[in-house]
Amino acid sequence: IPGLGIKSGEALRWISLGSFSFQPSELLKPAFIVYLAAWLANRISQKNKNATLIPFFAILVAISLFLVAQPAVSTLGIIAITGLAMYFFAGTPVWHTVLLLLGILGGLFALIKLAPYRLSRLAVFFDPLLDPLGKGYQIQQALIGIGSGGITGVGLGLSFQKFGSLPEPIGDSIFAIFAEEIGFVGAAFLILLFLAFAWRSFMIAKRVEDAFSRNAAIGIACWITLQAFINMGAMIGLLPLTGVPLPFISYGGLALVSELIGIGILL
């Protein structure tokens, strides 16, 4: 909507309401999970499993149009994979999931080809030394920070990389700062915490009796765990760089609020 959105860089992802601004896609995550949990529970209860494929794909396409226009492809990927996991665990035919996965991968490939900056991120992922002072600068500085942390870290608050060397130190790159200050031991502990969160969430999903609650618990578990490992994986070079925050740790008011909404539903 002209005049309402805020542009930062090449992205138009924020809405301004006076002195307050927020990113609607963060609220979309829990909202989509709750909606999809109810929709799947209703469809499956009607023994209408084979009639879910096209409507589910249409829901994803409708969401994609808004997120691609921003653009927020990383957020779209998290939402799409979370939705696909919920769809699979709801008891739909496996061939549905395979078709949808192929469709998502095909759409992602097309989006990468259409935008040069996405293609350059992929090129840097395969060759981190390709442009160390340009497109590869962030991953190079992140790896320097993580490597500097060693086993036990340089100490809380004593990171060197956060003082101008590493872009987005309080947002997307915060795991590199965390690993530099707390070291391998602290980073491994954080990863174990996210794995423990995923395990407990799936235990909740296993114990609840109604389909809606089970679907919602699975969706929240996949969303937060997937986002965490995408963020951390990007910082250590296992995945291409993305613009998603690290749940519960990265700076961002509405992102934290949406994550706490998910935790509240789980509890």
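## Exercises on a predicted model

Asp 172 is buried, with a relative accessible area of 19%. That value comes from a predicted model, as do the others in these exercises. Let's work through them together.

### Exercise 1: Place Asp 172

**Task.** Find where Asp 172 is in the chain, and work out how far Asp 172 and Val 34 are from each other.

**Solution.**
- Step 1. Start with the class: buried means under 20% relative accessible area, and Asp 172 has 19%, so Asp 172 counts as buried.
- Step 2. Next, look for the element. Asp 172 belongs to the loop between α6 and α7.
- Step 3. Now turn to Val 34. Along the chain, Asp 172 and Val 34 are 138 residues apart, and 26 Å separates their C-alpha atoms.

### Exercise 2: Two salt bridges

**Task.** How many salt bridges does a search of the whole structure find, and how are the residues of each pair placed?

**Solution.**
- Step 1. The search of the whole structure gives two salt bridges.
- Step 2. One of them joins Glu 26 to Lys 29, with 3.3 Å between the closest N and O atoms. A salt bridge needs a nitrogen within 4 Å of a carboxyl oxygen, and this pair meets that cut-off because its closest N and O atoms are 3.3 Å apart.
- Step 3. Both residues are in helix α1; because they are three residues apart there, about one helical turn separates them.
- Step 4. Check the accessibility. Glu 26 is buried at 5% relative accessibility, and Lys 29 is buried too, with a relative accessible area of 2%.
- Step 5. The other salt bridge is between Glu 181 and Lys 162, whose closest N and O atoms are 3.0 Å apart. This pair links distant parts of the chain: Glu 181 is in helix α7 (residues 174–207), while Lys 162 is in the loop between α6 (137–149) and α7, 19 residues apart.
- Step 6. Here the classes are split. Glu 181 is buried, with a relative accessible area of 10%, whereas Lys 162 is partly exposed at 26%.

### Exercise 3: A cavity and a pocket

**Task.** Which residues line the largest cavity, and which elements give two or more residues to the lining of the second largest pocket?

**Solution.**
- Step 1. A helpful idea to begin with: rolling a probe the size of a water molecule over the atoms shows where empty space is left.
- Step 2. The count comes to one cavity of 30 Å³ or more. The volume of the largest cavity is about 30 Å³.
- Step 3. Its lining is made up of Lys 29, Phe 32, Ile 33, Ile 78, Ile 79, Thr 82 and Trp 223. Lys 29 is also the partner of Glu 26 in a salt bridge.
- Step 4. Sort the cavity lining by class and you get five nonpolar residues, one polar and one charged. At least two lining residues come from each of α1 and α3 (73–89).
- Step 5. Move on to the second largest pocket, which has a volume of about 420 Å³. It is lined by 17 residues, and those closest to its centre are Leu 12, Ile 15, Pro 24, Phe 66 and Gln 70.
- Step 6. The elements giving two or more residues to this pocket's lining are β2 (11–17), α1 (24–45) and α2 (53–69). The largest share, six residues, is from α2.
- Step 7. By class, the pocket lining holds 13 nonpolar, three polar and one charged residues.

### Exercise 4: Rings and a charge

**Task.** Which residues do ring pairs link into a cluster, and over which ring does the charged end of Arg 200 sit?

**Solution.**
- Step 1. Three aromatic pairs turn up in a search of the whole structure.
- Step 2. Phe 88, Phe 89 and Phe 202 are linked by ring pairs into a cluster.
- Step 3. The charged end of Arg 200 lies over the ring of Trp 199, at 5.5 Å from the ring's centre.

### Exercise 5: Three more residues

**Task.** Are Phe 248, Gly 134 and Leu 254 buried or partly exposed, and where is each found?

**Solution.**
- Step 1. Phe 248 is in the loop between α8 (211–235) and α9 and is partly exposed, with a relative accessible area of 35%. Its phi is near 70°, a positive value in a residue other than glycine.
- Step 2. Gly 134 is in the loop between α5 (116–126) and α6, and at 36% relative accessibility Gly 134 is partly exposed. Gly 134 and Val 124 are ten residues apart in sequence, with 9.9 Å from C-alpha to C-alpha.
- Step 3. Leu 254 is in helix α9 (residues 253–266) and counts as buried at 18% relative accessibility. Leu 254 and Ser 16 are 238 residues apart along the chain, and their C-alpha atoms are separated by 13 Å.

Key:
Residues are numbered from 1 along each chain as its sequence is written. This is a predicted model: local features need pLDDT of at least 70, side-chain atom pairs count only at pLDDT 80 or more; totals for chains, interfaces and linings use all residues. Side-chain values use heavy atoms; hydrogens and water are left out. Rings of Phe, Tyr and Trp (its six-membered ring) pair if their centres lie within 6.5 Å; planes under 30 degrees apart count as stacked, over 60 as edge-to-face and the rest as tilted. A charge sits over a ring if NZ of Lys or CZ of Arg is within 6 Å of the ring centre and within 35 degrees of the ring normal. On a 1 Å grid over the protein atoms alone, a cavity is a set of points where a 1.4 Å probe fits but cannot get out, and a pocket is an open set with protein on both sides within 12 Å along at least five of seven lines; lining residues have an atom within 4 Å of a point. Grid points are joined across faces, edges and corners, and a volume is the space filled by probe spheres set on the points. Helices (H or I, at least four residues) and strands (E, at least two) are DSSP runs, numbered from the N terminus. Ala, Val, Leu, Ile, Met, Phe, Trp, Tyr, Cys and Pro count as nonpolar, Asp, Glu, Lys and Arg as charged, and the others, Gly among them, as polar. A salt bridge is a side-chain nitrogen of Lys or Arg within 4 Å of a carboxyl oxygen of Asp or Glu. Buried means under 20% relative accessible area, exposed over 50%, partly exposed in between (1.4 Å probe, protein chains only).
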